[in-house]
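Got your viewer open? Load the model, switch to a cartoon view, and keep the selection box handy.

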Amino acid sequence: MRVVIVTESFPPDVNGVAHGALQTARHLVGRGHDCVVVAPATSGADEADAYAPCRVVRIPSLPLPGYPQVRVALPSRRVAAAIAEHRADLVHLAGPFVLGVRGMAAAARLGVPAVAVYQTDLAGYARTYMGAGEAAAWRRIRSVHAAADLTLAPSSAALRDLQAHGVPRVELWPRGVDTDRFRPDRRDETLRRALAPDGELIVGYVGRLAPEKQVELLSGTCALDGVRVVVVGDGPSRSGLEQSLPAAVFLGCRTGDELARVFASLDVFVHTGPFETFCQTVQEAMASGVPVVAPAAGGPLDLVAHGRTGLLVPPRDAAAVRDAVWSLSADPGSRGAYGAAGRAAVEGRTWAAVGDRLIGHYTDVLASRKAVLAA
């Protein structure tokens, strides 16, 4: 199968869309499929592309105003050219928004089936950044995804949202997790002593530092006696969070085995953002054997079994986050049981397993298109 992945983000970017596109490309190549990635150009791309599993076509881009970590691709004929030159059987659109829309249009002109992967809660972002615009965001999502042969939703909540807003042909496709990299035996006592020299309970957040993540909800947790909050990640909110959470340790962006070591060295993982369509960091924490506290909204509803692998709390409720952490701080038995159950829950969710499910979706789309053409 010849596949072109058109993605809004790709390494060296560090985010869910980039990571998912990379893992998809790796799996396709590993299964013997011929793959090309089309992605926005960004600083450090040449070095990252040298380690990519397949050829990467970069499209000129500009930083998003107010959020320079996000690059927006400029209009370019390279998208259609890449699909045509590769003689693609199928186009995979990762988080289509700007570049993906062009990929969708090019695929339609060339008569190539398209599978769109929904990954970003644009409506939630519209509420966060503009205080309005949710209806307009859903109109754009609907128009983009309605043109695809199939839309893949990462969680049950995302699937319901898409269907409720009129998006047709939606199926569930969750994300995988690297259970070899993220595992409990990465726990590092030297790192723990450096982060919590007085033996504090280490509570960690990992992710982008941006308004929609609502990391400021950790303020009450920071004030708990015997608790040290560790924040991993970067983004436009970092300087403000460093001022509002002065007791927290900010480690900046960590990746690979270094990130896995941090995850496994936590006592509790807390995610605060209410707009997650999946929430990969929750899954990585579970693979690391760490109990999770997360909002009862979006992707975490599929991942966290309340009272078994962690605790779900009302979204946007700093007191609920604080109280959940406090209850776990006083109960090491529950922390251990939740962590072990979390690891067991994700052991079958490897990228190989979910990648094969993706190929199954591709096969169904190609068969449906063939049947339509033959009718």
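**The whole chain**

Start with everything shown: the chain's secondary structure comes to 16 helices and 15 strands (DSSP runs numbered from the N terminus, with helices being H or I of at least four residues and strands E of at least two). The radius of gyration is 21 Å, close to the 21 Å that the globule rule gives for 375 residues, so the chain is as compact as a globular protein of that length. For that comparison, the radius is taken over C-alpha atoms, and the rule is 2.2 Å times the number of residues to the power 0.38.

Before you zoom in, bear in mind that this is a predicted model, where local features need pLDDT of at least 70, side-chain atom pairs count only at pLDDT 80 or more, and totals for chains, interfaces and linings use all residues. Numbering runs from 1 along each chain as its sequence is written, and side-chain values use heavy atoms, with hydrogens and water left out.

Turn the C-alpha trace along its principal axes and you'll see a span of about 65 × 40 × 40 Å. Now switch on a surface: about 15400 Å² is exposed, and carbon and sulfur atoms supply 53% of that (Shrake-Rupley method, 1.4 Å probe). Of the 375 residues, 54% are buried; buried means under 20% relative accessible area, exposed means over 50%, and partly exposed is in between, with a 1.4 Å probe and protein chains only.

Colour by charge next. The 39 positive and 37 negative charges have mean positions 6 Å apart. Here Lys and Arg count as positive and Asp and Glu as negative, leaving out His and the chain ends; each charge is placed at NZ of Lys, CZ of Arg, CG of Asp or CD of Glu.

As for contacts (heavy atoms within 4.5 Å), take those between residues at least 6 apart in sequence: 64% of them join residues at least 24 apart.

**Into the cores**

Select Val 232, Phe 263, Phe 269, Val 282, Val 292, Leu 303 and Val 304: these have the most contacts inside the largest nonpolar core, which has 29 residues. A nonpolar core is a set of buried Ala, Val, Leu, Ile, Met, Phe, Trp, Tyr and Cys residues joined through side-chain atoms within 4.5 Å. Elements that each give at least two residues to this core include helix 8 (189-195), strand 10 (201-206), helix 11 (256-264) and helix 12 (280-287).

Which residues does Phe 263 touch, not counting those up to four places away in sequence? Show its side chain and look for Phe 182, Val 206, Phe 269, Thr 281, Glu 284, Ala 285, Ser 288 and Val 290. Apart from this core lies another, of 26 residues, with Val 229, Leu 241, Leu 245 and Val 321 among them.

**Around helix 12**

Pick helix 12 itself: 8 of its 8 residues are buried, including Gln 280, Gln 283 and Glu 284. Step back to Cys 279, in the loop between strand 13 (268-270) and helix 12. Cys 279 has a positive phi of about 90° although it is not a glycine, and it is buried at 4% relative accessible area. Just past the other end of helix 12, Gly 289 takes a positive phi of about 75°.

Val 270, in strand 13, is buried at 0% relative accessibility. Beyond its neighbours within four places in sequence, Val 270 is in contact with Val 203, Gly 204, Tyr 205, Leu 218, Val 293, Val 321 and Val 325. Draw a C-alpha distance from Val 270 to Val 321: 51 residues along the sequence, but 7.9 Å in space.

**Loops and odd spots**

Go to Pro 12, in the loop between strand 1 (2-7) and helix 1 (16-30). A cis peptide bond joins Pro 11 and Pro 12, with omega at about 20°.

Farther along is Gly 32, in the loop between helix 1 and strand 2 (34-40). Is Gly 32 buried or exposed? At 65% relative accessibility, Gly 32 counts as exposed. Its C-alpha is 8.2 Å from that of Met 1, 31 residues away along the chain.

Jump to Arg 169, in the loop between helix 7 (156-164) and strand 9 (170-172). Arg 169 is not a glycine, yet has a positive phi of about 55°; it is partly exposed, at 43% relative accessible area.

Finish on Ala 345 in helix 15 (residues 332-346), which is partly exposed at 26% relative accessibility. Ala 345 and Pro 96 are 249 residues apart in sequence and 30 Å apart in space, C-alpha to C-alpha.
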